[in-house]
Amino acid sequence: MTAIYQLKNLRYGYAGQPVLNIKHLMIAANKVTAIVGANGAGKSTLFDILALLQPATSDEFLFSGTALADARRAEFRQQIGYVQQRPYLMAMSVRANIGLGLKFRRWPRAAIDRAVDSIAAELGLQPLLARPARRLSGGEVQKVALARALVLQPAVMIMDEPFAYLDAQTEADMQHWIARQKVRAERTLIFSTHDQLKAQAIAEHVVGIINGDVHAAACSNVFQGLR
Amino acid sequence: MTYFTEAFYAAWVLIFSFDGEVYAVVFTSLYVSITAVIIAALPGIPLGLLVVLKDFPGKQVLQHGLNTLMALPTVVVGLLLYGLLARQGVLGELGLLYTRTAIIIGETLLILPIIWNLSIAAARGADPRLLNTIRALGASLPQQMAVYLGEVRYGLLAALAVGFGRAVGEVGVAMMLGGNIAGFTRTMTTAIALETSKGEFEFALALGVLLLATAFLVNVIVQRLQSVSP
Amino acid sequence: MTGGLLSLLATAVVAGERLRLATTTSTDNSGLLAVLHPPFEQQMGVQVDVIAAGTGRALKLGENGDVDVVLVHAPAAERAFVAAGYGVKRLAVMHNDFVLLGPPADPARLRQSASVVAALQAVAEHGAVFISRGDDSGTHKKEQALWQQAGIVPAGRWYLAAGQGMGAVLRMADDKLAYTLADRGTYLAFKTKLSLQIVRQGDADLFNPYHVIMVNPKKHPHVKYRLARRYIDFIRGEAGQAIIRQFTRTGEPLFIPDVIP
């Protein structure tokens, strides 16, 4: 089994307070991994670091087997799609939002439109394309943000709390989509949730995060366990 | 109360008399202030965004410096530039002293720290998720700046409005560097100072009312532009 | 009789009172008041507050009753001020004179002119840059009167109305290598900073008399007319006139007393 991420002694603090202190973390390539932890356990911080948006000190940080160098950070970042918790959409149309990353990559307009149409079809977003993004429901926002990341064809998709604030239908759609990714096994999927049962049901690997460190969390109950 | 009624009546007459001299003064004020705002905004806004989007050493010191410069007295800017632009000064050859260009240079220097600093505040006021969102989508620094330009445009327009207000309402630079020459460098504020020194208090106050009316009109126009843009 | 009246008035003046004097910027800038007032203030136990402004504003302050006494140099405006009933007892104090200044090269050759009026005509003919105070000050009024005598309505690219005080106009004329009219006092005060030189002086037309006027207590009952009276008596009296006579700037006398020469 190849690892997409391999970290040793990763430390991160904010305002003098340690937030993360992870002795060892390995995330398998082309698998679905769930990170489970209570609110404030450091999940979002860990995801910012995995998405290479937030530097942290570590003894080892391998991405796809290669040591992370600052100079190559932007290059590696191109392979990572990131959907934040409560995603932020620009004050533009849904189409413009989904095409934004391709625009940053300086794709021609027509090619962007084709790519956006194709991903919108896959996620059932075509009826929304012309709508202003700021007028969408929570579930629609989540899907548009997913489309915006997926259109860039990332090797790794990181999703922070993708099931929070979703209506039942959208949540079912999301779980279905993740299940398909699992079958295809072409992309690494990392998502976080505070729901242990959901994590066990959907993911191939489950990692628990408690007090800033990770544990093989197959059996632990994060709500009552070590606290 | 006659003092105020006389002043407001005089202001009314001023606005609707279509007096050439009064309009020349209003035009000069608008011309130098708006030009100064444009020139100061060109570096001021990008620099403001850069401070927020890029990490570099000395950021804190820069921030303190900008905060201090916001309190820069206009006459001090006038005095500094006078030394440069006067015939014996380093730039005396250019013959810029007592021209509109001199006022524009002074007011640009005066409002650059304001526009810069308020642009920083506007960019900091953006949604905290914005920066990571666009960085995750692979935006380069110039692309990040372009996105911010759109996302925080209301804050940036407010920065420009404050800069304009400071430029159009200041008297020190316009007096020192422009010289209050009738029909050429006389602005609304130097005209007010002059009428005050002449003892024409009602007329001076009327000019003050005219200045506020002009500033109000400019702000209304900017507001319109805001609501037109998507 | 006079002595008895004076002592009577003296009792009416309260120590610690403040007398408000409006005067022109040029008078205040000359530094004369700084030596003229302290002896009066000590003698009376009062304080003289000087409000320096252009002649127009100084008279306006008197008109509104914001000051008790004015000391200015614009005869026509002063006469109008008294005629309108705003002031009483317009009395001569001293005089100095105006000078016509220009760049050392004197391109319009004013030094060769026969009179100050002829000099102004030469300025207009040459289209040499002339900077006017343009602020309704005593100096500006004098300048306008001179143009009128010269039969010229000054206008055009060569005539710049600065709308500023004497000091600022001197610096502007210096920088622009222009001509200007100035009172001798301010010119002497700025002389070392300027390359401007006197190109015309001494004409009777350049005479610059200063008058003191008490604000009319009938118009403004609150003015301190008794104290104003004492002030006028002082600056027109033996001691005041001596101070004016002895006052010099860079070694040159600035004012010539008119009551006791």
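**Chain contacts and one helix pair in chain B**

Good morning. Of the 2 pairs of chains that touch, chains B and C share the most contacts. I should state at the outset that this is a predicted model.

Let me begin with that interface. On one side, 15 residues of chain B take part, and they are in contact with 17 residues of chain C. Helix 10 of chain B, residues 188-198, supplies the largest share of the chain B side, namely 4 residues. By class, the chain B side that touches chain C consists of 7 nonpolar, 5 polar and 3 charged residues.

What of chains A and C? No contact joins chain A and chain C; their closest C-alpha atoms are 51 Å apart.

I turn now to the interior of chain B, and to two of its helices. Helix 2, residues 20-53, and helix 8, residues 153-169, have axes that come within 9 Å of each other and cross at roughly 140°. An angle over 145 degrees would count as roughly antiparallel; helix 2 and helix 8 of chain B are therefore described as oblique to each other. The crossing of helix 2 of chain B past helix 8 of chain B is right-handed.

Which residues form this contact? From helix 2 of chain B come B:Ser29, B:Ser33, B:Ala36, B:Val37, B:Ala40, B:Ala41 and B:Ile45. They meet B:Leu156, B:Leu160, B:Gly163, B:Phe164, B:Ala167 and B:Val168 of helix 8 of chain B. The contact between these two helices has 10 nonpolar and 3 polar residues, with no charged residues. By contrast, the side of chain B that touches chain C does include charged residues, 3 in number.

Thank you.

Conventions. Residues are numbered from 1 along each chain as its sequence is written. Chains are lettered from A and ligands numbered from 1 in the order in which they are written. This is a predicted model: local features need pLDDT of at least 70, side-chain atom pairs count only at pLDDT 80 or more; totals for chains, interfaces and linings use all residues. Axes are lines fitted to C-alpha atoms, for helices over the stretch in contact, and angles run from 0 to 180 degrees between N-to-C directions. Angles under 35 degrees count as roughly parallel, over 145 as roughly antiparallel, 65 to 115 as roughly perpendicular and the rest as oblique. A crossing is left-handed if the near helix is turned anticlockwise from the far one by less than a right angle, and right-handed if clockwise. Two residues are in contact if their C-beta atoms, placed from the backbone, lie within 7 Å. Ala, Val, Leu, Ile, Met, Phe, Trp, Tyr, Cys and Pro count as nonpolar, Asp, Glu, Lys and Arg as charged, and the others, Gly among them, as polar.
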